[in-house]
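Okay, thanks everyone, let's get going. I'll put the structure up and then talk you through a few places in it.

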Amino acid sequence: MKTTSHIHSSMILRSCALIWALLALMSFASPALAAASVGLERLEGVSDGQVISGSVRIYAVVNGEPSRVSFTILYPNGSRQLIVRKSWPWSLAVSNDGGIGAWNSASQPQGDYALRVRVYRGDRIVDSESIRFSVDQNASASPIIVPIAALNFATKISLTNVLPAQHTVGGDTTLQFALNNPLAKGQDVLVLAWSDKQKTMVKSFAYTISSTPYQVDGLHLDALPLGHNQVQLLLRTNNKIVSQVRHWIEVKPSVVIASAIKLSTNAPTTHQIGQQHSLDFSLNGELGQNQDVLVMAWSDARQAMVSEFSQTITAAPFTISSAMLDKLPVGRNNVQLLLRQADQTIQKVEHWIEVTEPVVLASKVAFAAGAATQYTVGSQQNIPFTLDGELGEGDDVLVLAWSDSEARMVNSFAHKVTGSPLVVAGSKMDGLPVGRCNVQLMLRHNNAVTSRSDMWLDIVPAAGSGDQSGTEPEPTTPDSGGTTEPTEPTVPDNGGTTEPTEPTTPDNGGTTEPTDPTVPDNGGTTEPTEPTVPDNGGTTEPTEPTVPDNGGTTEPTEPTVPDNGGTTEPTEPVIQVALSFDPDNPTTYTCGSDDRLLLFTEGTVPSDSALIISAASNGSVVTSFTHTIDPDSEQVSSDKLDLLPDGQNVVTAQLVSNHEILASASQVLQVIHPVEEPTPEEPTSPTIDDDGTRTTVSNLQVQAGKTYSNLIIKGGVSVVWKTINDVTFINCDFRDASVLLQVQAKDDGSSASSNWTFKNCTFKGATRSDWGHSQGTFLKGVKNFTFEDCVWEHNGWIGTTRFNQNHNVYLDSRRDADHPTWAINENVKFIRCKFIEAAAQGVKMRGFIGLQFIDCTFRGNLIDLANDTRSPGSGLIVRNCVFRDTGGTDSINLTYGWSIHLKSPASNPLESATISNCNWIGPGVSSGPGWSGTIGVLLQESGVKSVLIENPDFSQWTGEKTIRNEIGDRLRVVEGSLISPLYD
């Protein structure tokens, strides 16, 4: 039976919960950083829930070299004390001799205490632990411990700052450590190792160190198995562990030391400054200790070595980049590669390369002045056009045509021009139908349109060929008000998806055939004199460069003309489909809103179809807007509409299959970019809610530096493209909006809001009547947002139906060619929060630096990171969370049957994630033709760099898989319950 004092203690503990929440705020720490040997191993002297009396030594066992360790004590009366230790001992009290002292509880008030220990590296918290205990002088639960005597022997072990990440068998790698005092009698360091590959301790590796030098040498590291190994150093006193550190090291097999260099077979013999060339080479082994490759060059033009080109390569990749080749002077250069051992040359390879002036890349295309506006079939008359520069790598001119008489794009005409002559060839013009045609030129770089020009041509039949031009309507003058213009004559920048798969023969009539390369006039007469010795010690002076033997033998052969004279033209499509915009679409769009444009397709849509979406503003194509979507989605999203300029835009959709436009439709949309205005004052006369405890406000206009308490906020809170900082919401209920809370910076990261705190708030029932975006909370580009004891429930549903793009919480980001900087979320925390039955996902994560979920519950939904081209990630921490009956099925039959999903491409990686001490309960929810099966943790794609799963509890999980690992050895698991039977 509880005593009166214990009942009173429990009440105090509960009353201190809110105060303790203030102590729970933690700065995020990247797991990769924390893993670098700094962390909290354990707390000694007192445990969670313990009743103590008398004097107790309370101290932290810490790995590595922290910058400081702090102890925060919460007393029974609600006051607190902060104790900071910047050097060992990491203890609550320090003895007179500088060792671990005793904390005398007899001098403290009786009752319930809370203790939080934080470990810092620099200014960041890398680890922490919290416990609660009671002081009762009448209890005998703990013995009285007096201060210990002076410590003049080792009590702490730490790793040095320079730690090897890998060891090659046969190498001389050393793992060094330090002790705060010398080893005394009865003390030693036990050295152990765990093999990640073998999933066992390496018995043959274990040994003890009882004297200097304090290191694990290469000979011992050779005993480790190949792969990822954790070396454990345990400082012991009389066989009892008093301190320990751990370090991961990758063991690789012994290597063959390089003795020869070989140039790649496609080593360039010419280089134009600014082009993306590289000079690659390989070695017949690996660079050993004291080995390197010295790269130098001799310039024929300067008659000297090129000092600014010299470089030393000590590791892969073995390549001389285009940036380095750009440093070579114009003219002939002799590149020299010297494989060296201790500055002595082992082998030398030379390669001549001709460097030419950079070109001005074209940025504008236009038909030549005075170009004919009429073409007679069979006349073979070329139509010239001009560029304001030259075509570079990845550049071309896409030539398309629209037939006014047939009201279609002429697919057989489409072709690319990649060099001189800059003409639309007459042989191509013969393929246009008789009548009025619009010929279109699109200058592209890597398939993205950078400039365009078009002109109208009258195509007339050859004389005596049955000319029926008299029956044709008189062609009207272009640009005559638009009345006779076709409704869709232009083709958008579609990333190359509508180009023919095999462009027809470039019509260059042989004029661009390379002439015979002349033999360089270097038959000994221009051979460089003895090159000067570079400032490299004199030992690596290059020998006389040799003259390449290219006296006409490397002349390119006559290029053959592909025989595709019309034989590869696509046949007329037989599939009949229709495409239209929803008549209920908005005609005005305000940037930053969640409106979108809906499309309808009718008929049979081929499986390989794509919807190409483009827009024109004031007659010019909006190149940043052009994109391709899946026909099944049938919508143009708000994040794409945000890219349109102010004013009237004509949005065009084209349904394309096998390079054929099957159907098209257009809609006029008036776009408004909101202007930041001063924030209006909030309502001055809110109404009183029915229960009398909270007031109701509508469409709250948030102000910086204010605290909002006990409110029912109807219409939600929206802060878009504004900077509003230092806002607090306490005990607020967000209702009656499609997005209950929206805080959004601009795509370039500007206008970001920071330092918002939410405590005991609810976000429930966000919805809309149409198929549009609806979220409980949408954050984009925010900084330092903290949610404590908040609840999100049933957000994003369309009536009783789920929608796969609507979530309880959506963290978004943005970076693309038009927005090279990130609008990214930094340091967002969810502490003791609940995420219940969202339409799709409990939390959708796209783009963050430092994201924490501590003591949270997910019911009926997953936590999902699916990065794409707009979403990096770093520092994800999921700790002490519960996932119950997770999953969900959305309206278009995509089924999620997992609890945690981490997926990221190599271009935008998820750098680090830690999932620790989490529980999975019940089955995952999975049905329909989408994802089948239920998975606790699903890891996918090469961009997921480092994932640590610590002590997972699957004892109550009835799903099919606990962990599905598709990232290989980038996952490290500290096993908990029921891993092995279900681990994939």
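I'll start with the overall picture and how far to trust it, and then go through some strands, the cores, the cysteines and two individual residues.

So, first thing: this is a predicted model. The protein has 984 residues, and 48% of them are buried. In secondary structure we have seven helices and 77 strands. If you take the contacts with a separation of 6 or more, 68% of them are between residues 24 or more positions apart.

On confidence, the average pLDDT is 77, and 76% of the residues score at least 70. The lowest spot is helix α3, residues 31–34, with a mean of 35, while the highest is strand β51, residues 727–730, at 96. There are also a couple of stretches to flag. Residues 677–691 have a pLDDT below 50, yet in the model that stretch has 25 contacts beyond near neighbours in sequence. Residues 926–932 are likewise below 50, with 16 contacts counted in that way. Keep those in mind when you look at the picture.

Right, strands. Let me take β63, residues 848–854. How many of its seven residues are buried? Six are, so β63 is largely enclosed by the rest of the structure. And what does β63 pair with? On the one hand there's β60, residues 825–831, which runs parallel to β63 and is joined to it by six bridges. On the other there's β66, residues 873–879, also parallel to β63 and also joined by six bridges. If you want to find the register on screen, look for K829, which stands opposite Q852 of β63. For the β66 pairing, go to I854, which has R879 opposite it.

Since we're on strands, a quick reminder: strands of a sheet pair through backbone hydrogen bonds, and they can do that parallel or antiparallel. For the antiparallel version, scroll back to the small sheet with the order β10-β12-β16. That one is open and has three strands, with antiparallel pairing. Which strands are at the edges? β10, residues 157–159, and β16, residues 215–216, each of which pairs on one side only. Between β10 and β12, residues 175–179, there are three bridges. One pair to click on there is I157, whose bridge partner in β12 is L179.

Next, the cores. In soluble globular proteins, nonpolar side chains tend to be buried together. Here the largest nonpolar core has 63 residues, and the members that touch the most others are F729, W756, F758, F787, F830 and F853. There's another core apart from that one, with 26 residues, including C591, L597, L611 and V671.

Now, cysteines. How many disulfides does a search of the whole structure find? Zero. Two cysteines are good to look at here. C761 is buried, with a relative accessible area of 0%. Its closest cysteine sulfur is the one in C790, at 4.7 Å, and that's too far for a bond. C856 is buried as well, at 1%. The closest cysteine sulfur to C856 is in C881, again 4.7 Å away and too far for a bond. The cut-off for a disulfide is 2.5 Å between the sulfurs, so neither of these pairs makes it.

Last bit: two residues in strand β35, which covers residues 435–445. Take N438 first. Is it buried or exposed? N438 has 1% relative accessibility, so it counts as buried. Its side chain has polar contacts with two other side chains: Q440 at 3.1 Å, and D454 at 3.0 Å.

Then there's H445, also in β35. H445 counts as partly exposed, because its relative accessibility is 36%. What does H445 touch, leaving aside neighbours within four places in sequence? The list is E393, G394, D395 and T450. Look at G392 while you're there: G392 is 53 residues from H445 along the chain, but their C-alpha atoms are separated by 8.4 Å. And the side chain of H445 makes a polar contact of 3.3 Å with the side chain of N446.

That's my tour, happy to go back to any of these views.

Key: Residues are numbered from 1 along each chain as its sequence is written. This is a predicted model: local features need pLDDT of at least 70, side-chain atom pairs count only at pLDDT 80 or more; totals for chains, interfaces and linings use all residues. Side-chain values use heavy atoms; hydrogens and water are left out. Buried means under 20% relative accessible area, exposed over 50%, partly exposed in between (1.4 Å probe, protein chains only). Two strands pair if DSSP finds at least two bridges between them. Helices (H or I, at least four residues) and strands (E, at least two) are DSSP runs, numbered from the N terminus. A polar contact is a pair of N or O atoms within 3.5 Å; within protein, one must be able to donate a hydrogen and the other to accept it, and residues adjacent in sequence count only if both atoms are side-chain atoms. A nonpolar core is a set of buried Ala, Val, Leu, Ile, Met, Phe, Trp, Tyr and Cys residues joined through side-chain atoms within 4.5 Å. pLDDT is the predictor's confidence in each residue, from 0 to 100. Contact means heavy atoms within 4.5 Å.
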